[in-house]
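Thanks for sharing this one with me. Below are my notes, in numbered points, to read with the model open beside you.

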Amino acid sequence: MVHEASRRGNGGGTRTGWALAVLALLLTAVGAPPAGAEAPAENPAQVVREVRIDDRTRDVAVRSPEIDGPARTKWVRLLLPRGWSPDTTRTWPTLWLLHGGGGDHRDWTANTHIEELVAGRDAIVVMPETSGCSAYSDWWNHGRGGAPKWETYLLDELRPLLARKYRADARRAAVAGLSMGGLGALKFAADRPGEFRAAASYSGAVNLLYKSRDGGFDGPDAVKAGGLVCLTDWKRVWGEPGYPFDTQDPGDVRQRAIWQRNSPLYQAARLAGTPLYLSYGDGTRTGPGWKWGDPPPPASRCTDPAAHGTDDGVERAIHGMNQELRGRLAELRIPATVCASTGTHTWPYWERELVASFPMLMGALGV
């Protein structure tokens, strides 16, 4: 769940992701709500500021009690289609793009050509900010619950708010994410079956109960590193996973059930019926063999390497997690498009796979 530094200059400079913790491993528009999409009267989320970046891009500050911190405010970047207007009865399908650990709402426009990619599509792109260690989850908080409740905020508050104010159709939505965001994309699709018409994960941390077979980076290491990035106790997120990570007693499972509930691997059966896309590397630093402007990425890139590379311990762990999920989906006879290749935990691969999966995502939305 490591965030790669910015490679393009239009979204903010270099930001340190979860890799820092791993170290050695390395205004407001208003319109009538569309039928069936009205936010509940008790929805506490509010738009408190809107910044117009350009003709198609808006940054929207949203305040919610489910967000952690004194301000309880996070940004959402919106890419709006040509012809968009808040003063109409129509709605637009939505593509949600989720950032990785240490990232924010600017990542996708800073590091990919998503503006150009979606320019000819009649859809809204939603890029929300959470925290560097959100895990796109409602946190356990040592059994006390309460903020942050990232899933509740995004799915139960932000979605209807965007439907009401920005004409985003919550019933025609697809979701994709990288690293921690890949976890979020598949987790949301499993938690809310049928609410997302397709889901894509790029180097997704799809099972944070992953145990390295060679003593390398384990899944819980990412959660612990995220706690350092966020300057918080990592046990607040899901508690402790228990055996074999925190104890030698096989009977000591601690809060393992919470980890399983938030793992796409353990919730894989609930992904049935959702078009899925998985991509991940093996930890070998080779270069993506593709850049923006090239023809669509060829299928030959998906070499399905059996051995782990040694250049990137995080992507090696991601490889193991995704191999487990891939096998589980096969057991359940749930189809998925899978691209396993050489590569590391970096943006050039993620942009390549965004482009490769884009027709599936747009096809699911019918645009």
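The points below go through strands, helices, cores and a few backbone details of what is a predicted model.

1. **The strand in the middle of my notes.** I would start with strand β6, residues 168-178. Eight of its 11 residues are buried, so the rest of the structure largely encloses this strand. On one pairing, β6 runs parallel to strand β4 (residues 92-98), and seven bridges join the two. If you want a place to begin tracing that pairing, W92 stands opposite A168.

2. **The second pairing and the crossover.** Strand β6 is also joined to strand β7 (residues 199-202), again in parallel, by four bridges. Here L178 has Y202 of β7 as its bridge partner. Between these two strands the chain passes through α5, giving a β-α-β crossover that is right-handed.

3. **The connecting helix.** How far does α5 reach from its first C-alpha to its last? Helix α5 covers residues 180-191, 12 in number, and its reach is 16 Å, close to the 16 Å expected at 1.5 Å a residue. It is also mostly covered, with 11 of the 12 residues buried. Among the buried ones are M180, L183, L186, F188 and also K187, a residue you may like to look at on screen.

4. **The turn into that helix.** S179 sits in the loop between β6 and α5. Its phi is near 55°, a positive value in a residue that is not glycine. Most residues other than glycine have a negative phi, and most peptide bonds are trans, which is my reason for picking out this kind of site. Is S179 buried or exposed? With a relative accessibility of 0%, S179 counts as buried, since the cut-off is under 20%.

5. **Other positive phi values.** D304, likewise not a glycine, has a positive phi of about 55°. It belongs to the loop between β8 and α9 (313-331). At 37% relative accessibility, D304 counts as partly exposed. A further case is L231, which follows α6 and has a positive phi near 55°. In α6 itself (residues 219-229), the buried residues are G219, P220, A222, V223, A225, G226 and G227.

6. **Cis peptide bonds.** Two places deserve a look at omega. The bond from A147 to P148 is cis, with omega near 0°, and P148 is in the loop between β5 (124-128) and α4. Y243 and P244 are likewise joined by a cis peptide bond, with omega about 0°. P244 lies in the loop between α7 (235-238) and α8.

7. **The cores.** Which residues touch the most other members of the largest nonpolar core? They are W96, L158, L208 and W238, in a core of 66 residues. Helix α4 (residues 150-166) provides the largest share, eight residues. Apart from this core lies another, of 27 residues, including L79, L178, C339 and W347. L178 is thus a member of the second core as well as the bridge partner of Y202.

8. **Around W96.** Leaving out residues up to four places away in sequence, W96 touches L154, L158, R159 and L162. On the same basis, its contacts also include A173, A174, V175 and A176, together with V126, P128 and F196. For orientation, the stretch assigned to β6 is residues 168-178, and that of α4 is residues 150-166.

9. **A buried serine.** S263 is found in the loop between α8 (256-261) and β8 (276-280). Its relative accessible area is 2%, so S263 is buried. Beyond its neighbours within four places in sequence, S263 is in contact with V206 and N207. With N207 there is a side-chain polar contact of 3.1 Å.

10. **The end of β2.** R63 is in strand β2, residues 57-63. At 43% relative accessibility, R63 counts as partly exposed. The C-alpha atoms of R63 and V48 are 6.6 Å apart in space, with these positions 15 residues apart in sequence numbering. Neighbours within four places aside, R63 is in contact with P44, A45, Q46 and V48, and also with A71, R72 and T73.

Methods
Residues are numbered from 1 along each chain as its sequence is written. This is a predicted model: local features need pLDDT of at least 70, side-chain atom pairs count only at pLDDT 80 or more; totals for chains, interfaces and linings use all residues. Side-chain values use heavy atoms; hydrogens and water are left out. The expected span of a helix is 1.5 Å times one less than its number of residues. Buried means under 20% relative accessible area, exposed over 50%, partly exposed in between (1.4 Å probe, protein chains only). Two strands pair if DSSP finds at least two bridges between them. A crossover is right-handed if, with the strands pointing away from the viewer, the path from the first strand over the helix to the second runs clockwise. A polar contact is a pair of N or O atoms within 3.5 Å; within protein, one must be able to donate a hydrogen and the other to accept it, and residues adjacent in sequence count only if both atoms are side-chain atoms. Contact means heavy atoms within 4.5 Å. A nonpolar core is a set of buried Ala, Val, Leu, Ile, Met, Phe, Trp, Tyr and Cys residues joined through side-chain atoms within 4.5 Å.
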